[in-house]
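I opened this model to look up its fold, its metal site and a few single residues. My entries follow in the order I made them.

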Amino acid sequence: MAILEILTYPDKFLRKTTRPVETVDDDIRKIIEDMAETMYDAPGTGLAATQVGIDKSIIIYDVAPLEERPQLQVLINPKIVEMEGNTVSENEGCLSVPDFRADVKRAAFVRAEGIDRNGNPMTIETDDFLAVVLQHEIDHLNGILFIDRISSLKRELYKRRVRKQIKSL
Ligand code: NI
């Protein structure tokens with residue numbers, strides 16, 4: 001197992017659209033293990049392959065309370081097939097957007113489909129916190145960050161801050 005480097009905004013790789021996984025083989029299982037180690041080390045609630053420089057459609061997450069971890073969930077080739085209602089996820093954050101949080105408009109309910117780490121089809125229906133996690137992580141696989149879904153004013157404030165930090169490096 002290995003802890004992978006988590007790419008951060010404005011890394012261009014984060015804008016990539018991932019390719020579907022064709023077979024869940026040992027290479028894919030190794031990627032999942034490394035992603036899990038990286039997520040728990042961070043620690044984070046979810047991680048998409050794009051965030052560690054891998055352009056494959058894989059997300060992992062663990063929404064269990066800290067003291068009940070690990071309860072790792074893996075969804076390969078995930079797709080949201082149904083969304084309903086509106087909610088605002090308060091103080092959403094992302095390992096690839098360090099030191100920044102914002103409220104994000106999200107669908108309240110999602111149905112997602114994909115395959116699990118054994119290659120079996122999987123369907124998840126949720127109107128819980130997990131609904132937000134799935135939308136956030138699946139966005140990553142399409143090159144979308146949560147800062148793309150907030151007001152342009154807030155986004156500009158964040159971008160300006162990052163530009164300043166880069167300049168002062
Ligand atoms: Ni994220």
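Before placing any residue, I fixed my terms: a strand here is a DSSP run of E with at least two residues, numbered from the N terminus. The model is predicted, and I kept that in mind throughout.

**Entry: fold**

I counted the elements of the protein chain and got three helices and five strands. I then read their order from the N terminus, which is α-β-β-β-β-β-α-α.

I checked the overall size next. The C-alpha trace spans about 45 × 40 × 35 Å along its principal axes. The radius of gyration of the protein chain is 16 Å, and this agrees with a compact globule because 169 residues would give one near 15 Å.

I looked at burial and contacts. Buried residues are 45% of the 169 residues. Of the contacts with a separation of 6 or more, 65% join residues 24 or more positions apart.

For the surface, I noted an exposed area of about 9400 Å² for the protein chain, with 48% supplied by carbon and sulfur atoms. I also checked the charges. There are 23 positive and 29 negative ones, and their mean positions lie 11 Å apart.

**Entry: nickel site**

Which residues coordinate the nickel ion? I found Cys-94 through SG, His-136 through NE2 and His-140 through NE2, at 2.1 to 2.3 Å. Along the chain these donors follow the spacing C-x41-H-x3-H. Cys-94 sits in strand S3 (residues 73–94) and His-136 in helix H2 (residues 129–141), so I noted a pair that links distant parts of the chain, 42 residues apart. I asked whether Cys-94 and His-136 are buried or exposed. Both are buried.

**Entry: strand S3**

I stayed on strand S3 and went to Asn-86, which has its place there. Asn-86 counts as exposed because its relative accessibility is 75%, where exposed means over 50%. What does Asn-86 touch beyond its neighbours within four places in sequence? I listed Arg-106, Ala-107 and Ala-108. I took the C-alpha to C-alpha distance from Asn-86 to Arg-106: 5.8 Å in space, for 20 residues in sequence.

Asn-91 also lies in strand S3. Its phi caught my eye: Asn-91 is not a glycine, yet the value is positive, near 55°. At 47% relative accessibility, Asn-91 counts as partly exposed.

**Entry: strand S4**

I moved on to Asp-99, found in strand S4 (residues 97–115). Asp-99 is not a glycine either, and I read a positive phi of about 60°. Is Asp-99 buried or exposed? With 69% relative accessibility, Asp-99 counts as exposed.

**Entry: cis peptide bonds**

I looked at two peptide bonds that lead into prolines. The bond from Tyr-9 to Pro-10 is cis, with omega near 10°. Pro-10 lies in the segment before helix H1 (26–41). The bond from Ala-42 to Pro-43 is cis too, with omega near -10°. Where is Pro-43? I placed Pro-43 in the loop between H1 and strand S1 (46–48).

**Entry: the segment before H1**

I returned to the segment before H1 to look at Leu-7. Leu-7 is buried because its relative accessible area is 12%, and the cut-off for buried is under 20%. I listed what Leu-7 touches, not counting residues up to four places away in sequence: Phe-13, Leu-14, Thr-50, Gln-51, Gly-53 and Ser-96. I then took a distance to Arg-106, the residue I had met as a contact of Asn-86. The C-alpha atoms of Leu-7 and Arg-106 are separated by 24 Å, with their positions 99 residues apart along the chain.

**Entry: the segment after H3**

My last stop was Ser-168, in the segment after helix H3 (152–167). Ser-168 counts as exposed, with 60% relative accessibility. How far apart are the C-alpha atoms of Ser-168 and Glu-82? I read 44 Å, for two residues 86 apart along the chain.

Conventions
Residues are numbered from 1 along each chain as its sequence is written. This is a predicted model: local features need pLDDT of at least 70, side-chain atom pairs count only at pLDDT 80 or more; totals for chains, interfaces and linings use all residues. Side-chain values use heavy atoms; hydrogens and water are left out. Helices (H or I, at least four residues) and strands (E, at least two) are DSSP runs, numbered from the N terminus. The radius of gyration is taken over C-alpha atoms; the globule rule is 2.2 Å times the number of residues to the power 0.38. Buried means under 20% relative accessible area, exposed over 50%, partly exposed in between (1.4 Å probe, protein chains only). Contact means heavy atoms within 4.5 Å. Accessible areas come from the Shrake-Rupley method with a 1.4 Å probe; for residues, only the protein chains shown count as cover. Lys and Arg count as positive and Asp and Glu as negative; His and the chain ends are not counted. The place of a charge is taken as NZ of Lys, CZ of Arg, CG of Asp or CD of Glu. Donors are N, O and S atoms within 2.8 Å of the metal (3.2 Å for Na, K and Ca); water is not among the atoms, so sites may look incomplete.
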